[in-house]
Amino acid sequence: MGWAQGRHALVTGGGSGIGAATARALAAEGARVSLIGRRREPLDAVAAEIEGRPFAADVTDRAAMEQAFAAARQVNGALDLVILNAGIGDSAPFLRTTREAWDRIIATNLTALFDGAQLALPDLLDGADKRLVIVASVAGLRGAAYAAPYVASKHGAVGLMRSLAVEYARTGLTVNAVCPAFVDTPMVDDSAARIARTTGRSEEEARASLAEMNTNGRLITAEEVAASIVHLCRPDSGAINGACLTIDGGVMA
Ligand code: NAI
C-alpha cells in the first residue's frame, strides 16, 4: 500500500472526469475515499470500483454539503486530503450571457469552494500533512472569449486558494490549485457538442479544434491531472503552498 494508507480523502464531483480519476489515483495510494456529487449513479459506480463511499449532495446547497461532510467523517474519520473539483462550464458571447448563467456558474465554481473550504478546515487545521487542492483552470490565470462567468469563477477560485494558503501557511495544511487546459472529460464532450450545434461543424471537428487550442496539440487526460493532484497531496510536498500547478501542455508558457 502507498503513502496515503490510513488517510481520508474527500473528492467533490467524484463521479466523472478529473474527480473520478483523482479518486481512483488516491485509492491506489491507499486512501479511504469519500465521493461527493449530484448524480447518484456515476458516484455509486466509482465508489464500488475503489471501495470508496458515495455521498449525494449538490455543492451549491450548503446544508446538503454539511450533511455529506458529516456523514463522510462518520464513516471515514477526520478529513486529511480534500479535493474541491466539482464544476460546470458554459460559453456564450458576453452580451448574450444571462444573469442566471452568471449566478449558476459562480455558485457552483466559486461559492461552493467557500462552503467546502469552511466545512473542511476544522479537520484540515488539526494535524500534519493536511491538503486542500482546488481544481481551477488556465481560465483562472488568463482571460478567454465567450466564457466570462467561467473565467471569473476560476480567477476567484485561484484568489480564494491563494488567500487560504497565506492565512494558514504556518499550520499543517497546504492549499494549492491545479490549472489544466482542455481535458478529455464529459465537460469537453459538452463543449464540443455546443460548438457543433452553433457552428455546424461535426463534434469530431469541434473536439479537434479544442485540442488544437492546447499548445501541445492534444487534449490533456484526466489521469494526467489526477497525477498532479496526487503529487500535491503527498507528504513530501509540504513546502508547495499557494501554487497554481499548470497541466496545460504549454498554454501558459
Ligand atoms: P465533469 O463534468 O466530468 O466533472 C464535473 C463534476 O462535477 C461532475 O461529476 C458533476 O456531476 C459535478 N458537479 C457539477 N455541478 C455540481 C453540483 N452543483 N453539485 C455536485 N456536483 C456537481 O468535467 P471535468 O472536466 O472532470 O471537471 C472537473 C473540474 O475540472 C471542473 O471544476 C472544471 O471546471 C475543471 N476543469 C476542466 C477542464 C476541462 O477541459 N475538462 C479544464 C480545466 C478545468
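Where is Trp-3 found?

1. Trp-3 lies in the segment before strand 1 (8-12) of this predicted model. Leaving aside residues up to four places away in sequence, Trp-3 touches Leu-26, Glu-29, Leu-81, Val-230, Cys-233, Arg-234 and Pro-235. For one of these partners, Glu-29, the separation from Trp-3 is 26 residues in sequence, whereas the C-alpha atoms are 6.0 Å apart in space.

2. Among the residues touched by Trp-3 are Leu-26, Val-230 and Cys-233, and these three also take part in the contact of helix 1 with helix 8. Helix 1 (residues 17-28) packs on helix 8 (residues 222-233) at about 50 degrees, the two axes being 8 Å apart. Helix 1 and helix 8 are therefore oblique to each other, and their crossing is right-handed. Helix 1 contributes Gly-17, Ile-18, Ala-21, Thr-22, Ala-25 and Leu-26, and helix 8 contributes Ala-222, Glu-223, Val-225, Ala-226, Ile-229, Val-230 and Cys-233. Sorted by class, the residues of this contact comprise 10 nonpolar, 2 polar and 1 charged.

3. Helix 4 merits a check of its length. Its 26 residues (99-124) should span 38 Å at 1.5 Å a residue, and the C-alpha atoms at its ends are 35 Å apart, which agrees. Helix 4 also contains a kink of about 45 degrees, centred on Ala-107.

4. How do the axes of helix 4 and helix 5 cross, and within what distance do they come? They come within 8 Å and cross at roughly 15 degrees, helix 5 being residues 148-167. Because of that angle, helix 4 counts as roughly parallel to helix 5. The crossing of helix 4 past helix 5 is right-handed.

5. The residues that form this contact can be listed from either side. From helix 4 come Trp-102, Ile-105, Ile-106, Asn-109, Leu-110, Leu-113, Phe-114 and Ala-117. They meet Ala-148, Pro-149, Tyr-150, Ala-152, Ser-153, Lys-154, Gly-156, Ala-157, Leu-160 and Leu-164 of helix 5. The contact of helix 4 with helix 5 divides into 14 nonpolar, 3 polar and 1 charged residues. As to spacing, an α-helix has 3.6 residues a turn, so residues three or four places apart point the same way.

6. Helix 6 (residues 186-199) and helix 7 (residues 203-213) have axes that come within 8 Å and cross at roughly 120 degrees. That angle makes helix 6 oblique to helix 7, and helix 6 passes helix 7 in a right-handed crossing. On the helix 6 side, the contact is made by Val-188, Asp-189, Ser-191, Ala-192, Ala-193, Ile-195 and Ala-196. On the helix 7 side, Glu-203, Ala-206, Arg-207 and Leu-210 take part. By class there are 7 nonpolar, 1 polar and 3 charged residues in the contact of helix 6 with helix 7.

Key:
Residues are numbered from 1 along each chain as its sequence is written. This is a predicted model: local features need pLDDT of at least 70, side-chain atom pairs count only at pLDDT 80 or more; totals for chains, interfaces and linings use all residues. Side-chain values use heavy atoms; hydrogens and water are left out. Helices (H or I, at least four residues) and strands (E, at least two) are DSSP runs, numbered from the N terminus. The expected span of a helix is 1.5 Å times one less than its number of residues. The bend at a residue is the angle between axes fitted to the seven residues ending there and the seven starting there. Axes are lines fitted to C-alpha atoms, for helices over the stretch in contact, and angles run from 0 to 180 degrees between N-to-C directions. Angles under 35 degrees count as roughly parallel, over 145 as roughly antiparallel, 65 to 115 as roughly perpendicular and the rest as oblique. A crossing is left-handed if the near helix is turned anticlockwise from the far one by less than a right angle, and right-handed if clockwise. Contact means heavy atoms within 4.5 Å. Ala, Val, Leu, Ile, Met, Phe, Trp, Tyr, Cys and Pro count as nonpolar, Asp, Glu, Lys and Arg as charged, and the others, Gly among them, as polar.
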